[in-house]
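Please open the structure in the viewer and keep the selection panel at hand. The tour below proceeds selection by selection.

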Amino acid sequence: MRKPLLYGLGSLFAAPALAAEMSLSVEIPRLDVAEYHRPYVAIWLEGSGQQHVADLAVWYDLKLADAEGEKWLKDLRQWWRRSGRNLQMPVDGISGATRAVGTYALQLNDQQGPLKTLAAGDYQLVVEAAREVGGRELLRLPFSWPPQQNRTESVQGQHELGAITLELKP
Amino acid sequence: MKMTYKWAALTLALCLPLSAQAHRAWMLPSATVLSGDEPWISVDAAVSNDLFYFEHFPLRIAGIGALDQAPAGGPPGMRPRPAAVLQVLAPDGSQLQPRNGAIGRYRSTFDVQLPLKGTYKLAIANQGLFARYSENGENKRWMGKADELAKAIPADAKDLVVTQNDSRMEVFVTSGAPSETVLKPTGKGLELKPVTHPNDLFAGEAATFIFLLDGKPAADVEVSVIPGGNRYRDQLGEIKTRSDANGHVSITWPSPGMYWLEAELSISENVAKPATERRASYSATLEVLPQ
């Protein structure tokens, strides 16, 4: 019980208020369909030429027996091509269960994780969603790192994803 | 008369191993890019007009289904042509056995489980001689292996023309990350040497392949690429190109889907006797994925 608290405090101190931050919000929309399954979602960063830089999250069915849920990871076509096929799933800090309808936040800063080693430059945040017996959608949000000022980028999905918003703070 | 001619042409087309004359022979995998543990693919194999619909004859493959019960691939009473020999190569270069083989009126079908991560190759390759000659004023045809020719053709045959035929049909499938081992050419007949991995094809992107004849870059190879699904299209949508002096071909895929690639080369120089002409063909079923 105590450890997570201490760890939480520790990381709070490790990330001073001056750290450059990235807040991402991803909406999984409510869909009017007869058979609904939660989508598989991959979120990653890419550099120029769509070069894969870092995975931020992969939400898939990781509770199925015999890792049967991994059978459908290739439906996240671009993520599978750029990253997934080279990974041994699950990956700590990236893998997670599929999410229900709602809006989900991801917080990152330059004190830890992939942003710690991210070189200055132009990037794109990519969100790809694929749904069983449903469709697939891929959205990109361009941004520059590190941010020079507060900045908000957003894009609206059309059928598998809702609003994706990226907030950057220097 | 017309019918006889048609059957003769058809028989010839079907007997020339995997020949594209009039009909197209193909294998269609259920998937080419797979994730998860030891996934399966299921493969249809047929000879048809439209791609990829089984509507004419099954592709006869040794060990796949009860071949003696299956249609011979021609008019009633026709002697069945020899079954094709299928190779299933695993990423480590070992050979796998297809499973659950069956042959029906229009298609053969089999499964392959993919135990290793990497790229697999399914290949059907043939090499043989085709002879045309006349005997007692009657036109005859013969097909077989080089060492059978002397016995099969009568000594008094006239107007004998012997053609060497090489054909190869391939399908590539990758579980996990792509690998290169099975892509190594055999050095026989017409082959495709990928520059772009054949399981890394995406709509709107260009893929580069090198065509080789007996392991050496082959210039001027005629290449035709046809997207599947032409039953519901008015236009074939064929992409035609030729290999350059270094055997290179570049293809930009207009849309995602299954494509049938066919390459052909006819030469009359440096042909091994007794053949005076050589015809080499290559075909592959390639999957192009969406962006």
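Begin by selecting chain B, in which residues 24 or more positions apart account for 67% of the contacts with a separation of 6 or more. The model on display is predicted. With chain B still selected, colour by secondary structure: 2 helices and 18 strands should appear. Switching to a colouring by accessibility brings out the buried part, which comprises 52% of the 291 residues of chain B. If a surface is then drawn over chain B, its accessible area comes to about 13700 Å², and carbon and sulfur atoms contribute 50% of that area.

Next, select chain A. Its secondary structure consists of 2 helices and 9 strands. In what pattern do these elements follow one another along the sequence of chain A? Traced along the sequence, the order is α-β-β-β-α-β-β-β-β-β-β. Chain A has 170 residues, and 41% of them count as buried. For contacts in chain A between residues at least 6 apart in sequence, the share joining residues at least 24 apart is 63%. A surface over chain A has an accessible area of about 9400 Å², with 51% belonging to carbon and sulfur atoms.

Within chain A, centre the view on Gly157(A). This residue is found in the loop that runs between β8 (151–156) and β9 (163–169). Is Gly157(A) buried or exposed? Gly157(A) counts as buried because its relative accessibility is 6%, and the cut-off for buried is under 20%. To see what surrounds the glycine, display Glu137(A), Leu139(A) and Gly162(A): Gly157(A) touches these three when residues up to four places away in sequence are not counted. Then add Pro29(A) to the selection and draw a distance between C-alpha atoms. Pro29(A) and Gly157(A) are 128 residues apart along the chain, yet their C-alpha atoms are separated by 9.0 Å.

The last stop is the second largest pocket, which holds about 350 Å³ of space. Which residues should be selected to find the centre of this pocket? Of the 16 residues that line the second largest pocket, those closest to its centre are Trp72(A), Asp75(A), Ala130(A), Arg131(A) and Glu132(A). Finally, colour the whole lining by residue class: 7 of its residues are charged, 5 are nonpolar and 4 are polar.

Note on methods:
Residues numbered from 1 in each chain as written. Chains lettered and ligands numbered in written order. Predicted model: local features only at pLDDT ≥ 70, side-chain atom pairs only at ≥ 80, totals over all residues. Heavy atoms only, no water. 1 Å grid on protein atoms, 1.4 Å probe; cavity = no way out; pocket = protein on both sides within 12 Å on 5 of 7 lines; lining within 4 Å. Points joined across faces, edges and corners; volume = space filled by probe spheres on them. Nonpolar A, V, L, I, M, F, W, Y, C, P; charged D, E, K, R; others polar. Helix = DSSP H or I, 4+ residues; strand = E, 2+ residues; numbered from the N terminus. Buried < 20%, exposed > 50% of the residue type's maximum accessible area, 1.4 Å probe, protein only. Contact = heavy atoms within 4.5 Å. Areas by Shrake-Rupley, 256 points an atom, 1.4 Å probe, with all protein chains shown as cover.
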